[in-house]
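Q: Can you walk me through this protein? I'm new to reading structures, so keep it short.

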Amino acid sequence: MSPSPSLPFNSLPEGSTLPGGTPVFALKELVARLQREQYKIQDLLSSLGFALRSLNNISQFLELIPMIASRVTDATGGALVLFRPNGQLRLERLYCPTNDTCQTVRYALESATRQITSSLSASLGGKGTDGEATALTHQAARSAMVTLDQQLNHFLAPDLKLFGTSIIVQNVERGRLYVFSDDGDYAWTETRQKLVRLVADQTAVAIENDELTLALRKKERLDRELELGAEIQEKLLPRECPVIEGVDLAARCQTAQKVGGDYYDFIPTTYDQLRSPATQLSSAQPWSVAIGDVMGKGVPAGLIMTMLRGMLRAEVLNDHSPGQILQNLNCVMHNDLESSNRFVTLFYAEYDPRTQLFSYGNAAHNPPLLWQAANNTISRLDADGMLLGLDIDTRYHEGQVQLYPGDVVIFYTDGFTDAANIRGERFDEDNLINAVNWACRNLDSSQEILEYLFNLLCHFIGPDRSKDDDTTLVVMKVTQPAEFRQLSAIED
């Protein structure tokens with residue numbers, strides 16, 4: 001049986017008394033009853049606030065909502081209906097101690113939500129973009145709530161006193177809180193309506209907090225996965241530059257995100273070098289140098305970069321020319337790159353310390369810069385070839401240049417030349433050429449040249465601004481003539 005509704009002051013006829021005494025006694029009794037009702041409402045709302053702060057399970061909290069809403073308003077029962085982003089409208093919780101009324105309300109709510117969900121499924125399905133689907137969901141939610149009210153009025157008897165209010169989460173209608181009474185004398189006063197809205201607002205806060213918590217946990221999980229991916233990628237890049245006879249090397253890769261798409265590598269060309277990488281024999285053998293860039297950033301680019309590294313290292317051991325290696329790599333990776341809508345630029349070169357010949361092929365990567373010490377000039381090392389993965393039938397041409405002591409080769413990715421300052425000006429290739437020209441004439445080691453170029457770029461874009469793209473630089477400087485090394489080997 002539902003609790004008796006509280007009586008307002010004006011509910012007593014003039015000159016009448018309540019049972020049990022004089023008008024003064026009756027008035028005191030009425031005031032005491034109203035105070036008890038007020039204390040009860042305060043206790044219930046306080047309990048709801050405590051539950052909101054302490055409960056970690058949203059289901060447990062939602063279970064309290066219809067009960068609290070019905071008790072603070074002295075109603076028969078309450079019901080909570082929520083609208084899911086996938087278009088499902090569901091009766092979440094129902095509180096109703098009276099069996100007959102409970103069955104009637106449950107049937108009405110389940111029938112109405114089932115019909116509305118069925119009609120929404122077609123309109124929400126097959127939408128192309130997330131933005132379109134979200135906009136449609138918001139519109140569908142508003143429409144669903146209006147339809148739900150209409151359906152309930154159709155299913156429920158007119159003598160059932162029903163009041164419903166919206167649950168708004170971030171300006172989006174996410175459900176309805178209904179409170180009902182089968183008491184014929186029951187009236188939905190303004191105070192009772194405010195109390196139901198207050199409970200609905202608490203419900204909205206709980207739902208939003210739960211969704212924020214879930215989003216935070218998802219972000220933390222993704223951050224952990226990205227950190228793991230960045231750690232794996234860092235280990236796949238060379239930990240240190242190899243020892244190549246007569247060559248001074250320095251390299252650095254700075255990713256814009258935790259996982260990047262830039263790639264560089266120093267690759268042994270024979271199995272003997274793999275078995276004994278630190279021997280004098282290994283340092284005098286030909287070595288390959290590669291630098292590449294996967295279109296895009298983040299995890300997808302990092303995965304493709306990892307795949308590229310493994311395939312390229314396998315191709316190098318087959319003893320093909322640079323152009324043929326790029327040709328084979330393009331054929332093998334074409335289907336995977338085409339299906340992912342990502343492509344790869346790659347410059348691949350082979351250097352022989354015994355002859356100081358530098359042979360190379362280029363798959364549309366930024367051509368490295370060659371500074372020649374003999375005449376203080378800079379040239380671009382380029383060869384015709386398209387992006388890897390763009391055309392399976394493309395042919396890759398080759399180039400070859402003789403290097404001499406003091407010559408410097410600068411390999412770089414477009415993150416270096418495309419970097420922009422606060423005014424939107426790009427660093428561009430001309431600035432890089434000027435910087436390389438000064439550095440190669442005034443600095444002795446590859447590491448000093450590398451540090452100078454990165455510091456110059458950082459100063460250009462501003463110390464407090466992050467780079468928009470991955471930035472990679474490899475500096476290769478020839479330190480002594482091949483004839484001298486060959487003569488030293490004979491004397492030994």
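A: Here is a quick tour, from overall confidence down to single residues.

Q: What kind of model is this?
A: This is a predicted model.

Q: What is the average pLDDT, and how many residues score at least 70?
A: The protein averages a pLDDT of 81. A score of at least 70 is reached by 77% of the residues.

Q: Which elements have the highest and the lowest mean pLDDT?
A: Strand E13, residues 408–412, has the highest, at 97. Helix H13, residues 482–491, has the lowest, at 49.

Q: Where is the pLDDT below 50?
A: One such stretch is residues 1–18. This stretch has 27 contacts in the model beyond its near neighbours in sequence. Residues 487–492 are also below 50. That stretch has 0 contacts beyond near neighbours.

Q: OK, new topic. How many helices and strands are there?
A: The protein has 13 helices and 14 strands.

Q: And how much of the protein is buried?
A: Buried residues make up 43% of the 492 residues.

Q: What about the surface: how much area is exposed?
A: About 25500 Å² is exposed. Carbon and sulfur atoms supply 50% of that area.

Q: What share of the contacts joins residues 24 or more positions apart?
A: The share is 70%, counted among contacts with a separation of 6 or more.

Q: Let's do rings. How many aromatic pairs are there?
A: A search of the whole structure finds 11. One of them is Tyr264 with Phe266. The centres are 5.9 Å apart and the planes meet at 75°, an edge-to-face pair.

Q: Why do Tyr264 and Phe266 count as buried?
A: Buried means under 20% relative accessible area. Tyr264 has 6%, so Tyr264 counts as buried. Phe266 has 4%, so Phe266 is buried too.

Q: Why is the pair of Phe416 and Phe427 called edge-to-face?
A: The planes of the two rings are at 75°, so the pair is edge-to-face. The cut-off is over 60 degrees. The ring centres lie 5.8 Å apart.

Q: Where do Phe416 and Phe427 lie?
A: Phe416 is in helix H10, residues 414–417. Phe427 is in the loop between H10 and helix H11, which covers 428–442. The pair therefore ties together parts that are 11 residues apart in sequence.

Q: Are those two buried or exposed?
A: Phe416 is buried, and so is Phe427.

Q: Which residues form an aromatic cluster?
A: Phe347, Phe358, Tyr360 and Phe411 form one cluster.

Q: Where does the charged end of Arg192 sit?
A: The charged end of Arg192 sits over the ring of Tyr186, 4.3 Å from the ring centre. Arg252 lies over the face of Phe454, at 4.8 Å from the ring centre.

Q: Switching to cysteines. How many disulfides does the structure hold?
A: The structure holds 0 disulfides. Among the cysteines, Cys253 is partly exposed, with a relative accessible area of 21%. Cys440 is buried, at 6%.

Q: Now single residues. Where is Tyr178 found?
A: Tyr178 is in strand E4, residues 172–181. Its relative accessible area is 3%, so Tyr178 is buried.

Q: What does Tyr178 touch?
A: Beyond residues up to four places away in sequence, its contacts include Gly77, Gly78, Leu109, Leu148 and Phe163. Tyr178 and Gly78 are 100 residues apart in sequence. In space, they are 5.5 Å apart, C-alpha to C-alpha.

Q: And Met386, where is that?
A: Met386 is in the loop between strand E11 (377–380) and strand E12 (398–402). At 35% relative accessibility, Met386 counts as partly exposed.

Q: How far is Met386 from His365?
A: The two are 8.8 Å apart in space, C-alpha to C-alpha, and 21 residues apart in sequence.

Q: Which residues is Met386 in contact with?
A: Leaving aside neighbours within four places in sequence, they are Ala363, Ala364, Asp391, Thr394 and Tyr396.

Q: Let's follow Thr394. Where is Thr394 found, and is it buried or exposed?
A: Thr394 is in the loop between E11 and E12. At 6% relative accessibility, Thr394 counts as buried. Beyond four places in sequence, Thr394 is in contact with Gln327, Asn330 and Met386.

Key: Residues are numbered from 1 along each chain as its sequence is written. This is a predicted model: local features need pLDDT of at least 70, side-chain atom pairs count only at pLDDT 80 or more; totals for chains, interfaces and linings use all residues. Side-chain values use heavy atoms; hydrogens and water are left out. pLDDT is the predictor's confidence in each residue, from 0 to 100. Helices (H or I, at least four residues) and strands (E, at least two) are DSSP runs, numbered from the N terminus. Contact means heavy atoms within 4.5 Å. Rings of Phe, Tyr and Trp (its six-membered ring) pair if their centres lie within 6.5 Å; planes under 30 degrees apart count as stacked, over 60 as edge-to-face and the rest as tilted. Buried means under 20% relative accessible area, exposed over 50%, partly exposed in between (1.4 Å probe, protein chains only). A charge sits over a ring if NZ of Lys or CZ of Arg is within 6 Å of the ring centre and within 35 degrees of the ring normal. Accessible areas come from the Shrake-Rupley method with a 1.4 Å probe; for residues, only the protein chains shown count as cover. A disulfide is a pair of cysteine sulfur atoms within 2.5 Å.
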